[in-house]
Amino acid sequence: MSISDPCISHGERFDGLSLLLGEWQSLWRPAPFHQRMPEWATSHAALFDAAMSLDDSTLAGLRDDDPYASVDGVVRHPLAEYLPLAQLAALCKVPALPTATLPAAWATHVGGRKWQQIEAFAPHVPLEPEASLVEWCAGKGHLARALSRLHQQPVTALEWQPTLCREGQQLAARQGVAVTMLEQDVMAATARDRLTASNQVVALHACGDLHERLLELAADCGAGVTLAPCCYQRTAAARYRPLSATGRALAARHGLALERDTLALAVQETVTAPQQVRRQRRRNGAWRLAFDLLQRELRGTDSYLPVPSLAYGRMPPSLAEFCAWAAERKGLVLPGRVDWGDLEARGWQRLAEVERLEVVRQLFRRPLELWLVLDRVLMLEEAGYTVTLATFCARQLTPRNLLIQAARDARHASPSEVLHDSL
Ligand SMILES: C[S@@+](CC[C@H](N)C(=O)[O-])C[C@H]1O[C@@H](n2cnc3c(N)ncnc32)[C@H](O)[C@@H]1O
């Protein structure tokens, strides 16, 4: 398969990704943060040595670059000779949709980045004659207002938070836009009544269970779908059950049993974080790893001990105070004397190793994300939809830039229509 093969079908892509993700899972499933030494360090010793030898500036460059960037069809990555990067790059290459500009006045009361995402997304929402638009998990209905203006049609926006509904309704009224904010828990049984075959249901960054629910209800009634999925790990289920029959078969064939924590890899990317946030995250990481070393020594057990996360800006001001806080949470007693300077240096050393191992793991991030998206695509195809998959914006604007567009094939009857006809 060539890196620029434009004719690959969703099924072939799904097949190819399942094979490679299954084959290489020992490298990308375990989180380096949790292991002092990855198990693959000996089975893939040359790759391990190459990763550990990456210098800081190469590492910094890799963080911002597309890992599959190629020159003349050859992937330019320092670890390319050890991994099937050309195949992964080919499987992850999806068409990019053209960008458009919407009137600047429509952006009033919408944050800058969010507006840019809406501007990139909204023009790709189709509206058939006689169809009507529903926004799923709409927040204040910013996207719904843009869609209503774009199509000059009323839009219904579903959102469960009363305050957001109220504020969204006020914004729509003030701007004279035909948006109805409806207070609705999309997970409730009543959500089924909100969708019909004549709806185009739209969701920008609806998380895990929320967009899975959208897909389930849309497929049941035949509604059109325009979806940019997000946060696959936000699910009630601890283990992922593929949505498509194809996904279930492929997962079984290639031994892909995905835990909730593993799904988080699909969205672990910090391209949009400002420098200061990144610096703070690194220091927090080094301190957490320092505590990890300390707790292993204290407990005499060489295993990771999860420590609760802290809200942004809540990190105690010194490593000693952080360790005291973490030890208390875990019921551990710190020794009277700790060489904090030495422990901190060892924490930074561990961080340097973890960051290099993450380079390897990150090479499988987009393939995993695409695998999850393809599971959604195949689920819709199996339900009689014609589906296209493309990116709607650059990853710098939002890394969650994959767009599923799906229209039910006119000849395909939905389960509820079949039931109705047989009565
Ligand atoms: C990530 S935000 C996305 C909002 C909007 N689509 C956007 O892109 O700005 C998710 C939204 O889903 C809403 N939400 C969460 N759970 C929900 C549920 N069970 N039913 C309806 N809305 C829900 C949240 O209140 C929030 O406004």
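This report walks through the ligand site, the cavities and one annotated span of a predicted model.

## Ground rules

Residue numbers start from 1 along each chain as its sequence is written, and side-chain values use heavy atoms, with hydrogens and water left out. As the model is a prediction, local features need pLDDT of at least 70 and side-chain atom pairs count only at pLDDT 80 or more, while totals for chains, interfaces and linings use all residues.

## Around the ligand

Start with the ligand, which has 15 residues around it (a residue is near if one of its heavy atoms lies within 4 Å). K114, E159, Q161, D185 and V186 come nearest. By class, the shell splits into seven nonpolar, four polar and four charged residues. Here Ala, Val, Leu, Ile, Met, Phe, Trp, Tyr, Cys and Pro count as nonpolar, Asp, Glu, Lys and Arg as charged, and the others, Gly among them, as polar.

Which partners do nitrogen atoms of the ligand find in C137, Q184 and D185? In D185, a side-chain N or O atom sits 2.8 Å from a ligand nitrogen. C137 offers a polar backbone atom at 3.1 Å from a ligand nitrogen, and a backbone N or O atom of Q184 is 3.5 Å from one. On its own the ligand exposes 590 Å², and the protein buries 78% of that (areas come from the Shrake-Rupley method with a 1.4 Å probe).

## Two cavities

The structure also holds two cavities of 30 Å³ or more. A cavity is a set of points on a 1 Å grid over the protein atoms alone where a 1.4 Å probe fits but cannot get out, and its lining residues have an atom within 4 Å of a point. The volume is the space filled by probe spheres set on those points.

The largest cavity has about 60 Å³ of space. Its lining includes F33, Y304 and F322, and helix 13 (residues 275–299) gives the most, with four residues. Six of the lining residues are nonpolar, one is polar and two are charged.

The second largest cavity comes in at about 50 Å³. Among its lining residues are S26, P30, W40 and R361. Helix 2 (25–28) and helix 15 (340–362) are the elements that each give two or more residues to this lining. The class split is six nonpolar, two polar and one charged.

## The annotated span

UniProt, in an unreviewed entry, lists residues 113–234 as "domain: Methyltransferase"; such annotations may be inferred rather than shown by experiment. The end C-alpha atoms of residues 113–234 lie 23 Å apart, and the span is 39% helix and 25% strand. Helices (H or I, at least four residues) and strands (E, at least two) are DSSP runs, numbered from the N terminus.

Technical notes. A polar contact is a pair of N or O atoms within 3.5 Å; within protein, one must be able to donate a hydrogen and the other to accept it, and residues adjacent in sequence count only if both atoms are side-chain atoms. On a 1 Å grid over the protein atoms alone, a cavity is a set of points where a 1.4 Å probe fits but cannot get out, and a pocket is an open set with protein on both sides within 12 Å along at least five of seven lines; lining residues have an atom within 4 Å of a point.
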